[in-house]
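Here is a short tour of one protein model, written to be read with the structure open beside you. Take a look first, and then we can walk through two regions together.

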Amino acid sequence: MLKTALTDLVGIAHPVVQGGMAWVATWELVVAVSEAGGLGIIGAGNAPVDFVRQQIRQVKAHTTKPYGLNIPLFSPFVEQVMALCIEERVPVVTTGAGNPTPYIERLKAAGIIVIPVVASTALAKRLERAGADAVIAEGEESGGHIGEVTTMVLVPQVVDAVTIPVIAAGGFADGRGLAAALALGAAGVQMGTRFICTDECIAHINYKQAIVKANERSTMVTGYSIGHPVRCLRNPMAHDFEALEKRGASEQEIIEFGTGRLRLAVVEGDCVRGSLMAGQAAGLVHDIVPAGEVVRRTVAEAEAILRRLPGLIVA
Ligand code: TUI
């Protein structure tokens, strides 16, 4: 067992968080991760409030363990989803792609643990002052919407910048990563791509197999030109997106081109026209297994490493 500031804060057995991925992180995956002693997180994405409510109700019906909900701050339904979290007493709320300060006080007043994703020390410090309970420091190795700093340099700098627990994200897929994150001063890891390749994840099998086939150079980043960099697997869609940006297409044209692409990948399994969002850790994922197995393996491997490392010290 690994006891950290994160396991204490949230009341979970293992310092392993499942990223709240839009379309992908539905109640089935969340229940599997939380039941295994990790923290499962519903991905609200851009979904309307009725869909999100159903997801919360299903999680509550299938586990009594702590769980969370992620809301990307550019969702058109952000206000309603925040209100829903309060109404449904969701234990943990994580946010992505922006500054959640305007919501923190309300969430905290309802007893909700608030854990924003940050990509810089500046935002981490501001959010600690605003009352965040912990932060997820996410490096540019991650899939989906990303910042500009790598995990290896971001995590220890965020650890130095704040006193609240820091969860490391971006590039993690196994126990070696968890052990390394703890060495950097983090209180746990969040993994997204690794949890897509699980039996309980509802993503199309084509999506999962594309991740299993990927190596460390299989992802690329599009969207820099419109200020929304997104990492996904290289495929015809990603190359077309890049070509569009290179010829100076308007923001509106680019957004229109991108809209609905994640759904195509996740739901239809369209690996040509869909956006297969994934992190560089895709190269570390070699199998599709139960989500509980991912949690157990990650912790067991980290424990074995941490037991072995003191042997490196000589008198
Ligand atoms: O949020 C993410 N990753 C995401 S959200 C997403 S949603 C979506 N996309 C397309 C179609 C449908 C749904 C996909 N991937 N990760 C968390 C994250 N947040 N990474 C980086 C950041 C971040 C970046 C800058 C957080 C804050 C920030 O600060 C800006 C500011 O205002 O200071």
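What follows covers an aromatic pair and then a strand with its neighbours.

This is a predicted model, in which local features need pLDDT of at least 70 and side-chain atom pairs count only at pLDDT 80 or more, while totals for chains, interfaces and linings use all residues. Residues are numbered from 1 along each chain as its sequence is written, and side-chain values use heavy atoms, leaving out hydrogens and water.

The structure holds one aromatic pair (ring centres within 6.5 Å). Phenylalanine 241 and phenylalanine 257 meet edge-to-face (planes over 60 degrees apart), with 5.8 Å centre to centre and 70° between the planes. The two rings come from helices α11 and α12 (DSSP runs of H or I, at least four residues), so the pair ties together parts that are 16 residues apart in sequence. The table places each ring and gives its burial (buried is under 20% relative accessible area, exposed over 50%, partly exposed in between; 1.4 Å probe, protein chains only).

| Residue | Helix | Relative accessible area |
|---|---|---|
| Phenylalanine 241 | α11 (residues 236-246) | 8%, buried |
| Phenylalanine 257 | α12 (residues 251-258) | 21%, partly exposed |

Now to strand β6 (residues 135-138; strands are DSSP runs of E, at least two residues). Val135 and Ala137 on one side are buried, as are Ile136 and Glu138 on the other, and both faces of β6 are thus covered. Strand β6 runs parallel to β8 (residues 166-169), joined by four bridges (strands pair with at least two). Here valine 135 stands opposite valine 166.

Terms used
Phe/Tyr/Trp six-rings, centres within 6.5 Å; stacked < 30°, edge-to-face > 60°.
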